[in-house]
Amino acid sequence: MAKIIPSYAPSHEALENLSVTYLASDEEIPTIDYSLLLSDGTNQRSIALELLGQACEEYGFFYVYMVSSIYGLVNHTMPDDVLNNVLKQVSNYFDPTTIEERMIYSKKVPSDKILWGLSADDGENREYLKVIAHPKDQASSNLTSLSKIIEDYNKEMRKIVVGLARSMSENLGFDENYIEEAFNMKSGFDVMAMNLYPPNSKSKGDIGLPNHTDPGFVVTLVQDVNGGLQILSHKGTWINVYIPHHAILIQLGDHLEILTNGKYKSHVHRVIVNKNKVQRISVVTLHGPSLDKFIVPGTEFVDDENPHNYIGMTYKESLKANGGNEIGVQSSLEQIKLV
Ligand SMILES: O=C(O)CCC(=O)C(=O)O
Ligand SMILES: [Fe+2]
């Protein structure tokens, strides 16, 4: 029987241009109907929770999406206009004629609240802007024309992330506040990375963003078009991330892996650029614990069979453990892992 290609997959023409080295499978990635997670005490909620548990334990990534209407609207609580606006405004922000204005944010000193970069080399091809979106007293407010939409978008996204934290806590066998408290999420350190692939100058090579995992609790991602992001699955194969329009991709972060002593894992991912043919915008938020929160595997996840696998440290220390800075939010999992 012929395979039905979902309407949100890229065209054959787009795929033909992709170097063979970076081919990945079009395996479906797990989907979670967010409204069912919120529906109190129903049988459907138990099923949604079970699917979420499987997605976290096996895959480490999934997208939030409405199961009952395959090509329809997505069923999370992010208002459509906020989602449209963030993508549109970020696209405008990366106007090639105003690059010089953005360059003032390229200074890499640890105290920076905002970081801009442009790479066009063998290792990376993207233009990006990283800002602190939460907590308010540390946020990069009023520094760019994007401040208002960033605030609106992050406010909505945080509600979804808190809902996921509660459901995941239940799945792990705890009170629903377990993850929120373990990460002190009320003061959680959220960094938004806005990415343009390839950057306005021509890209050199296929890599948009090299293999990496991300720190934090979870990473949320929205994008304007599909194509480019690939995640390494638990089976050791690369999966193309094709998600429906307006769906939100959730990837588990390093610190959920640390808290659960490896029961839930962050997964390596990368971005491949398509020979400069299609430009893509992604808005990626790394939702972290509060900077001063000490993160260590929960005692409930440690026993004779599962010894302590990670060194405990504050979130702030972990962001600096590989020589990076806070706003850079690079993974330090290699430095934190004991085995
Ligand atoms: O833009 C993407 O598709 C992924 C970006 C990413 O992985 C990141 O910013 O950490
Ligand atoms: Fe990432």
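**Reasoning from values to labels**

User: Why does Asp214 count as buried?
Analyst: In this predicted model, Asp214 has a relative accessibility of 11%, and because the term buried applies under 20%, Asp214 counts as buried.

User: What makes His269 buried or exposed?
Analyst: The relative accessible area of His269 is 6%, which falls under the 20% limit, so His269 is likewise placed among the buried residues.

User: And how do you know whether Asp122 is buried or exposed?
Analyst: Asp122, which sits in the loop between strand S3 (114-120) and S4, has a relative accessible area of 65%; because exposed means over 50%, Asp122 is called exposed. As for its surroundings, the C-alpha atoms of Asp122 and Ile207 are 6.8 Å apart in space, although 85 residues separate the two in sequence.

User: What makes His212, Asp214 and His269 donors of the iron ion (ligand 2)?
Analyst: The atoms concerned are NE2 of His212, OD of Asp214 and NE2 of His269, which lie 2.1 Å from the iron ion; a donor is an N, O or S atom within 2.8 Å of such a metal, so these atoms qualify. Along the chain, the donors follow the spacing H-x1-D-x54-H. Asp214 belongs to the loop between strand S6 (207-212) and strand S7 (218-223), while His269 belongs to strand S11 (residues 269-272), so this pair ties together parts that are 55 residues apart in sequence.

User: Why are S6 and strand S9 (238-240) said to stand at the edges?
Analyst: The open sheet of four strands runs in the order S6-S11-S8-S9 with antiparallel pairing, and S6 and S9 each have a single partner strand, so one side of each is left without a neighbour in the sheet. With direction ignored, neighbouring strands of this sheet are turned by 25° against each other on average.

User: How do you know that strand S8 (residues 229-232) and S9 pair?
Analyst: Pairing requires at least two bridges, and S8 and S9 share three bridges in the antiparallel sense, so the condition is met. Within this region, Ile231 stands opposite Ile239 in S9.

User: What makes up the lining of the largest pocket?
Analyst: The lining divides into 13 nonpolar, 13 polar and six charged residues, and the space within the largest pocket is about 520 Å³. Of its 32 lining residues, Arg126, Lys130, Leu209, Gly328 and Gln330 are the closest to the centre. Among the strands that each supply at least two lining residues are strand S4 (125-134), S6 and S11.

Terms used: Residues numbered from 1 in each chain as written. Chains lettered and ligands numbered in written order. Predicted model: local features only at pLDDT ≥ 70, side-chain atom pairs only at ≥ 80, totals over all residues. Heavy atoms only, no water. Donors = N, O, S within 2.8 Å, 3.2 Å for Na, K, Ca; no water. Buried < 20%, exposed > 50% of the residue type's maximum accessible area, 1.4 Å probe, protein only. 1 Å grid on protein atoms, 1.4 Å probe; cavity = no way out; pocket = protein on both sides within 12 Å on 5 of 7 lines; lining within 4 Å. Points joined across faces, edges and corners; volume = space filled by probe spheres on them. Nonpolar A, V, L, I, M, F, W, Y, C, P; charged D, E, K, R; others polar. Axes fitted to C-alpha atoms, helices over the stretch in contact; angles between N-to-C directions.
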